[in-house]
Amino acid sequence: MAILPDHISTPALKEHLVQFYASDVSLLNVMSTFINAGLNANETCFIFATQAHHESLQEQLTENGVDVLAAQTRGKYIWLDATEILSRLLLDGMLEPERFARIVGDVIEQATRGQQQVRIFGEMVALLWQQRKFDAAMRLEELWNDLYHRLHSFSLFCAYPMHSFDEQANNTEFVKIIQQHSHFIPTGISSLLTGPNKQLHAIARLQNKTDELEAEIEQRAEVERRLRVSEEALFRLAAIVASSDDAIVSKTLDGIITSWNVAAERLFGYSAEEAVGKHITLIIPPELYPEEEEIIANLRQGKRIEHFETVRVRKDGTFVDVSLSISPVRDRSGKIIGAAKIARDVSERKDLERRKDEFIGMASHELKTPITSLKGFTHLLKRRLQKHGDEESLRFLTRMDAQIGRLTNLVSDLLSITKMQKGQLEYRMEVFDLADLVQETIENVQGTTQTHDLLLQETVAASVYGDRDRIGQVLINLLTNAIKYSEGTDRVIVRIAVHEGNIVVSVQDFGIGIAQENQQKIFEQFYQVSEPDGATYPGLGIGLYISRNIIERHQGYLHVQSRKGEGSTFSFQLPLAENARGKEEEPPAL
Ligand code: ADP
């Protein structure tokens, strides 16, 4: 009797081995090594296994790179269902030797012919053992041994699950099993042996100890590996934080700074030693303290804050425009314990934006005077030509006048946007009939187009409270857009209706339409949908931005319904005058 730690992979092995396995994993390890070695040495491998073990074995072998299907096709890998074969070997619960000879013996003998090497894995004995048919199991071991001694050209590997011994605790039987085999593969036979066979007893104890130690070593190695991985991840993270161009700061929920990277030192002027441990208000201008309270309230609810633009104060007292992204920091249990804040310096961009706005404001202001005087002179000239009856010059002048009109609208839009941003756009509030205004505007815009009929299909008399000119500006914008973006069609439909205390005006065209993904963007400043065919339309992309702003300042709502290629309907709704005034005691301070 000898212990066989890893010779199972030896080719042309001629042994009768036994393994007592504690878990399917250890069985599979040994079993797959055993079969793998056989297949490598071109031996024929018989696997008398349960379906479950056979499937796991196939998986394991495939994982190890063995082409099981090919081996099966070559007749080198033969699986025989242990449960089924066993039932055929038994007669009234007793093992029939001649059945064994016929069903198992003949097949094996045939396979060993011509000096062929054979490898067999068998767990029929284990199945019998588990069914408490101890005698039958021993008998089967003996039959295997007879065959083994007769042919002497195969190796046989039997495996028993240890738990079947735990229950029976039958030491004598256990020792008998071992004695039926030439080698036993030790994988932890624990304290099963308590009988007089001292040698086996000692081996078992030693083996048990070795197994325990090996398991511990493996566990420690795994813990160390994991530690190394998390250490590396931490190290990498620390390197990223340190080298980031953005300031990265963490703080507790009470606002105490807990970390401060190099970029934060650069941006705010405080060193990490100066900042860590201090309250975050160190860099917040006092008038913005309420903003910080709101941020913390959001964080407590687990909400992230992204690209929030605000102002912070540096150590030298100067202000810096920043864009903040703040996320809650949680402990292992998921509890929010603080916040991590990334601050990006956006002062350069803000400065550029300010300069751009200033430029637009100044340029449009400067353009306004010459255009007004151009318009004045055109009117003067028009009257003179009318007097002299110079029809041709008059026609040219009318076209000139229309272009000056467009220029006036563009400049006035630019001026509106500048004023709007500064909160300086003035509104002259009055009660007026919206249907009148719509009618009047339609007539004016109709005068500028020969291609489209502007049709007022539904109307109601309804008064609103607001700035007539500004609402007129919105209507002009919607009507001119409807004409501009519907080339090749010939009508635009306008409707006025009253709905739940609001008056709704809609402008429908049958033009190019707007794709769903752009329907919100068109209300942004300077946004124009670019057509895939590169078609461009004149404009600055600010009309709708201004229009929405004006409508919202009247407690109204402007939106679009559209499908690409099928036209668009822009609608705005405003509260009826009685509701608008009823809502507020004072006229709105616009
Ligand atoms: P623009 O001066 O470019 O017309 P607007 O702010 O009025 O600026 O409109 C923004 C964009 O919305 C336009 O550039 C166009 O792409 C799209 N748009 C506006 N109205 C319509 C419409 N009736 N049909 C299709 N697209 C439209």
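The legends below describe close-up views of a predicted model.

**View 1. Residues and polar contacts around the ligand in the predicted model.**
Of the 20 residues that surround the ligand, the ones that come nearest are N481, Y485, D509, Q528 and L544. A polar side-chain atom of D509 is placed 2.9 Å from a nitrogen atom of the ligand, whereas L544 approaches through its backbone, with an N or O atom 2.8 Å from an oxygen atom of the ligand. L540 likewise contributes a backbone N or O atom, which lies 3.2 Å from an oxygen atom of the ligand. The ligand taken alone exposes 530 Å², and the protein buries 96% of that area.

**View 2. Elements and residue classes in the shell around the ligand.**
Two or more residues of the shell come from each of the elements α17 (468–484), α18 (543–553) and β21 (568–575). Among the elements, α17 gives the most to this shell, with three residues. Sorted by class, the shell around the ligand holds 10 nonpolar residues, eight polar residues and two charged residues.

**View 3. Strand β3 and its buried residues.**
Strand β3 spans residues 44–49, and six of its six residues are buried, so that the strand counts as mostly covered. From β3, the residues T44, F46 and F48 point one way while C45, I47 and A49 point the other way, and all of them are buried. C45 has a relative accessibility of 0% and therefore counts as buried, the cut-off for this class being under 20% relative accessible area.

**View 4. The two parallel partners of strand β3.**
Strand β7, which covers residues 118–122, pairs with β3 in the parallel sense over five bridges, and within β7 it is I120 that serves as the bridge partner of F46. Strand β4, which covers residues 77–81, also runs parallel to β3 and is joined to β3 by five bridges. In that pairing, A49 stands opposite D81 of β4.

**View 5. Strand β2, its two covered faces and its pairing with strand β8.**
Strand β2 (residues 16–21) is largely enclosed by the rest of the structure because six of its six residues are buried. Both faces of β2 are covered, since H16, V18 and F20 on one side and L17, Q19 and Y21 on the other side are all buried. β2 runs parallel to strand β8 (residues 154–161), and six bridges join the two strands. One of the facing positions is Y21, which stands opposite P161 in β8.

**View 6. Cysteine residues C45 and C158.**
C158 has a relative accessibility of 1% and so counts as buried, and C45, at 0% relative accessibility, counts as buried as well. The number of disulfides in the model comes to zero, where a disulfide would require a pair of cysteine sulfur atoms within 2.5 Å.

**View 7. L299 in helix α13 and its separation from L253.**
L299 lies in helix α13, which covers residues 289–300. With a relative accessible area of 0%, L299 is buried. L299 and L253 are 46 residues apart in sequence, and in space their C-alpha atoms are 8.3 Å apart.

Key:
Residues are numbered from 1 along each chain as its sequence is written. This is a predicted model: local features need pLDDT of at least 70, side-chain atom pairs count only at pLDDT 80 or more; totals for chains, interfaces and linings use all residues. Side-chain values use heavy atoms; hydrogens and water are left out. A residue is near a molecule or strand if one of its heavy atoms lies within 4 Å of it. A polar contact is a pair of N or O atoms within 3.5 Å; within protein, one must be able to donate a hydrogen and the other to accept it, and residues adjacent in sequence count only if both atoms are side-chain atoms. Accessible areas come from the Shrake-Rupley method with a 1.4 Å probe; for residues, only the protein chains shown count as cover. Helices (H or I, at least four residues) and strands (E, at least two) are DSSP runs, numbered from the N terminus. Ala, Val, Leu, Ile, Met, Phe, Trp, Tyr, Cys and Pro count as nonpolar, Asp, Glu, Lys and Arg as charged, and the others, Gly among them, as polar. Buried means under 20% relative accessible area, exposed over 50%, partly exposed in between (1.4 Å probe, protein chains only). Two strands pair if DSSP finds at least two bridges between them.
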